[in-house]
Amino acid sequence: MKTFRYLALLAAASFLLLLYYIYRVGDRPNSSDQNLAEHLTDGHTTAAVSRKSYAHSSNGTEISVVVVACNERHNEALNMIKSAIIFNRNQSPLRFVIIAEEKLKLNFMEKLNDWQEVTDRIFTYEIHSLTFPRANKDEWRKLFKPCAAQRLFLPSLLQHLDAVLYVDSDTVFLSPVQEIWAMFQQFNATQFAGMAPEHEDMNAGWYNRFARHPYYGELGVNSGVMLMNLTRMREFRWEEHILPIYREYRLQLVWGDQDILNVLFHYNPDRLYVFPCDWNYRADHCMYMSVCDAPDGVKIIHGNRGYFHSRAQPIFNLIYSTIEEFTFRTDVYGNFIRTIEESLVLPSNSNCDKLLDKFLQDPRKYFKENQYEEVP
């Protein structure tokens with residue numbers, strides 16, 4: 001009899017705990033999901049962690065932005081994501097796809113979860129592990145900069161996505177992401193990737209003066225910002241072209257994966273859409289003389305060679321640090337535009353600094369003085 005009563009009490013307690021769980025956990029509207037996906041390219045399980053957004057947008061297709069982060073690059077990657085959110089004026093739904101070392105995943109999750117709470121969940125994210133081919137895995141990982149070659153394998157890693165915008169971690173947006181995403185509509189029937197030229201001036205071009213391998217066009221292309229139609233790339237059997245190029249030219253590659261892309265598009269020029277330099281604006285475009293017209297302003301800044309972290313070109317460092325210090329739900333005009341205007345010392349010895357109006361053209365267009373009140 002005592003055993004029966006004990007079992008009855010245990011069953012009742014279990015039932016009450018189940019009801020409590022359903023009420024307190026199961027019905028939470030902001031609960032997060034963790035989805036596990038296995039990518040066996042390198043023989044290891046890759047966990048993709050995603051959080052669903054419960055915000056609804058009437059602004060069309062979700063935009064997928066991909067970044068790869070290793071070592072200290074995770075702070076840059078977070079700043080890139082932050083800039084994309086700040087300048088997402090039309091509230092387009094954004095999906096950030098982060099491919100990172102295991103030790104960096106928790107940091108990304110904590111920061112992005114916090115940002116979701118203060119941005120009305122206008123974005124989702126997913127985190128994947130680094131995935132390289134079994135053969136020459138260590139060589140691929142160390143090619144040029146740590147993990148940079150990961151972009152070459154996005155078509156197989158991201159089987160669930162049709163198209164993505166890949167950006168290097170050392171980039172920041174100064175314009176809405178949907179503006180460059182709209183360029184997919186300008187691709188013809190054969191094009192599956194979009195990139196900007198490596199240089200604008202033959203006299204300063206690197207590929208035309210130094211490359212020991214084939215490259216695209218007259219000046220080559222830069223891989224820091226890349227539109228990728230993954231579906232078309234898979235149909236093209238992308239990796240079956242990439243691997244032989246690496247085997248043939250690996251001793252001539254100076255810029256790693258970017259050189260591989262240049263070789264591929266040299267032999268397949270009909271597959272590439274070339275967009276203007278204002279979507280991949282680097283110090284090379286202004287440090288000696290202005291060689292990128294950017295008639296509608298600078299759209300995406302690429303702080304390659306460490307320009308975001310040095311005072312060699314102050315405006316690059318200033319824009320990066322101002323975004324880093326910006327607080328969501330505060331006035332963009334006062335805390336970004338005005339801060340840069342007041343902090344940049346003019347006249348300056350830097351030719352890039354003299355193009356302040358080009359850098360702030362889009363932010364000034366989208367954010368007016370006193371348009372928003374600061375939220376304490």
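Which residues in α2 meet which residues in α11? The legends below take that up, along with the disulfides and two other spots.

This is a predicted model, where local features need pLDDT of at least 70 and side-chain atom pairs count only at pLDDT 80 or more, while totals for chains, interfaces and linings use all residues. Residues are numbered from 1 along each chain as its sequence is written, and side-chain values use heavy atoms, with hydrogens and water left out.

**View 1. The whole protein comes with 14 helices and 10 strands.** Helices (H or I, at least four residues) and strands (E, at least two) are DSSP runs, numbered from the N terminus. Of the 376 residues, 54% count as buried; buried means under 20% relative accessible area, exposed over 50%, and partly exposed in between (1.4 Å probe, protein chains only). About 18200 Å² is exposed, and carbon and sulfur atoms supply 51% of that. Accessible areas come from the Shrake-Rupley method with a 1.4 Å probe; for residues, only the protein chains shown count as cover. Take the contacts (heavy atoms within 4.5 Å) between residues at least 6 apart in sequence: 74% of them join residues at least 24 apart.

**View 2. Helix α2 (residues 73–86) packs on helix α11 (residues 314–325).** On the α2 side you'll find Asn75, Glu76, Asn79, Lys82, Ser83 and Ile86, and they meet Tyr320, Ile323, Glu324 and Glu325 in α11. Sorted by class, that contact has three nonpolar, three polar and four charged residues. Here Ala, Val, Leu, Ile, Met, Phe, Trp, Tyr, Cys and Pro count as nonpolar, Asp, Glu, Lys and Arg as charged, and the others, Gly among them, as polar. The two axes sit 9 Å apart, at an angle of about 80°. Axes are lines fitted to C-alpha atoms, for helices over the stretch in contact, and angles run from 0 to 180 degrees between N-to-C directions. α2 and α11 are therefore roughly perpendicular to each other; the cut-offs are under 35 degrees for roughly parallel, over 145 for roughly antiparallel, 65 to 115 for roughly perpendicular, and oblique for the rest.

**View 3. Cys277 and Cys292 are joined by a disulfide.** A disulfide is a pair of cysteine sulfur atoms within 2.5 Å, and a search of the whole structure turns up two. In this one the S to S distance is 2.0 Å. Both cysteines lie in the loop between β9 (272–274) and β10 (300–302), so the pair ties together parts that are 15 residues apart in sequence. The torsion about the S-S bond is about 100°, so this disulfide is right-handed. Cys277 and Cys292 are both buried.

**View 4. Cys286 and Cys352 form a disulfide too.** Their sulfur atoms are 2.0 Å apart. This pair links distant parts of the chain, 66 residues apart: Cys286 is in the loop between β9 and β10, Cys352 in the loop between α12 (332–343) and α13 (356–359). The link is right-handed, with 95° about the S-S bond. Cys286 counts as buried at 1% relative accessibility, and Cys352 is buried at 0%.

**View 5. Glu126 and Ser92 are buried residues.** Glu126 has its place in strand β4 (residues 123–129), with 5% relative accessibility. Glu126 and Arg95 are 31 residues apart in sequence, and 7.7 Å apart in space, C-alpha to C-alpha. Ser92 lies in the loop between α2 and β3 (94–100), and its relative accessible area is 4%. The C-alpha atoms of Ser92 and Val177 are separated by 8.4 Å, with their positions 85 residues apart along the chain.
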